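Please open the model in a viewer and keep the sequence panel visible. The tour below proceeds by selection, one region at a time.

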Amino acid sequence: MAVERVEQWLRREFVAYNTELDEAYFAERAEVLLGVPALDRVKRALYTEGLELISAIDGYPDSPAERYSLLGAVGFYLGACRRHGIDDEPRAAWALADELGAGLGVAPRYVFAHQSTHNLAVDGVCRRFTTLSDEANFTTTNGLAVLAYQRAAAALRRVADVGVSSPLATYLLEDAKSALDDVLSFNRTLGKSLDVDRFYLNIRPYFMSHRVGSREYRGVNAGDFAAVNEIDLVLGLCSARDPFYQHVVTEKYPYVPPEDQPRLRAAMTARPLLGLFLRDPHPQNAELFLAVCRAHGAAYAHHHSRLVRHFLEGPARAARRQVDVTASGPPLDVVVEGLARLADLRAARDRPGLTTARSGLDALRRAIG
């Protein structure tokens, strides 16, 4: 019952408090407002009510899926406290988050899966921080892109088992290409429909890093799933031997859902399809493979240029605020440079200091005429 009461509070009072606070911030075009008595009372209610309900939880569900959901619930509360600048230490919430995270082998905070693929809808409404339409748009559209990436990864991981020249591989490659086209379509929809100011002032702050006990955990990233890395490695666009890419995978490992962790490990030893096609350059399937590589690169390049730069880098520069802007911890310019490197790897764009899969792709094109 205690867990149910937390869930009910998250879907009612918690959402109402956050929405009231965020509307006040947005009216002042501020990320947060401190020392405003009327708003401080709302923050105090959010902090105390949530902590009392979480403190009443004695034990937790046996099901790993239910424990992961509860971790998300506690994480939502901790994320909101961080977002609103509440400095009090919610020790009971920290302790429960740490216990749940340790048992599941994941970071003890909410992650993007808790907002998208692991977010139970009740009467058509998922767990949210606010009732703002831009938040629903952002999490839903990104969640759809995650599903599309997962569909592409599921198809691609089966190609090597049937052989790259198999007619079954033709179907799998076509499915992967269609899914990656969907990713690009979802990204374009988000770029056109999401309000820049609403994202920067009312959505992004909930994604920031926050402390659990004595340790700071980096914030939410919509890419915290195994699928995009599976695609990188299975296609052969990125290498598990690249120290930069090893760091990308290792850093995100605690932030992906538990069932994604074995997939992330397996992807690091997967047989790259590029090498298999170079040994068996079946013309029809090789053309499809190259089309899949182009689709993957295009989807991420659009994400980097139209979403990251437009919704994060641009507003941060306008505000002259480069530190503590991203969810990932490092300064914005460091994060953007890392994402640009990933974009070039996925699009196979060689540049000084970076060698990509371009030469292998060109060799395959020559092999099939």
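Which element gives the most residues to the lining of the second largest pocket? In this predicted model, the answer is H3, with six residues.

**First selection: the pocket**

Select Glu-7, Glu-66, Ser-69, Leu-120 and Arg-127, which lie nearest the centre of the second largest pocket. The lining comprises 17 residues, and helix H1 (2–27) and helix H3 (64–83) are the elements that give two or more residues to it. The volume of this pocket is about 380 Å³. Colouring the lining by residue class shows nine nonpolar, three polar and five charged residues.

**Second selection: the largest nonpolar core**

Keep H3 displayed and turn to the largest nonpolar core, which holds 56 residues. Phe-14, Leu-46, Val-74, Tyr-77, Leu-78, Phe-138 and Phe-207 touch the most other members of this core. Two or more residues come from each of H1, helix H2 (37–55), H3, helix H4 (91–104), helix H5 (112–115), helix H6 (133–156), helix H9 (196–203) and helix H14 (283–318). H3 supplies the largest share, 10 residues.

Now centre the view on Leu-46. Which residues is Leu-46 in contact with, leaving aside its neighbours within four places in sequence? They are Trp-9, Phe-14, Tyr-17, Asn-18, Tyr-77, Ala-80, Cys-81, His-84 and Ile-86.

Another core, of 40 residues, lies apart from the largest one. To find this other core, select Ala-160, Phe-277, Leu-290 and Cys-293, which are among its members.

**Third selection: helix H10**

Next select residues 227–235, which form helix H10. How many of the nine residues of H10 are buried? Nine of the nine are buried, and the helix is mostly covered. The buried residues of H10 include the charged side chains Glu-230 and Asp-232, as well as Asn-229. Just after H10, Gly-236 takes a positive phi of about 95°.

**Fourth selection: two positive phi values outside glycine**

Most residues other than glycine have a negative phi. Two places in the loops are therefore worth a visit with that background in mind.

Select Arg-29, in the loop between H1 and H2. Its phi is near 50°, a positive value in a residue other than glycine.

Finally, select Ala-348, in the loop between helix H15 (332–347) and helix H16 (358–367). Ala-348 has a positive phi of about 55° although it is not a glycine. Is Ala-348 buried or exposed? Ala-348 counts as buried because its relative accessibility is 2%, and the limit for buried is under 20%.

Note on methods
Residues are numbered from 1 along each chain as its sequence is written. This is a predicted model: local features need pLDDT of at least 70, side-chain atom pairs count only at pLDDT 80 or more; totals for chains, interfaces and linings use all residues. Side-chain values use heavy atoms; hydrogens and water are left out. On a 1 Å grid over the protein atoms alone, a cavity is a set of points where a 1.4 Å probe fits but cannot get out, and a pocket is an open set with protein on both sides within 12 Å along at least five of seven lines; lining residues have an atom within 4 Å of a point. Grid points are joined across faces, edges and corners, and a volume is the space filled by probe spheres set on the points. Helices (H or I, at least four residues) and strands (E, at least two) are DSSP runs, numbered from the N terminus. A nonpolar core is a set of buried Ala, Val, Leu, Ile, Met, Phe, Trp, Tyr and Cys residues joined through side-chain atoms within 4.5 Å. Buried means under 20% relative accessible area, exposed over 50%, partly exposed in between (1.4 Å probe, protein chains only). Contact means heavy atoms within 4.5 Å.
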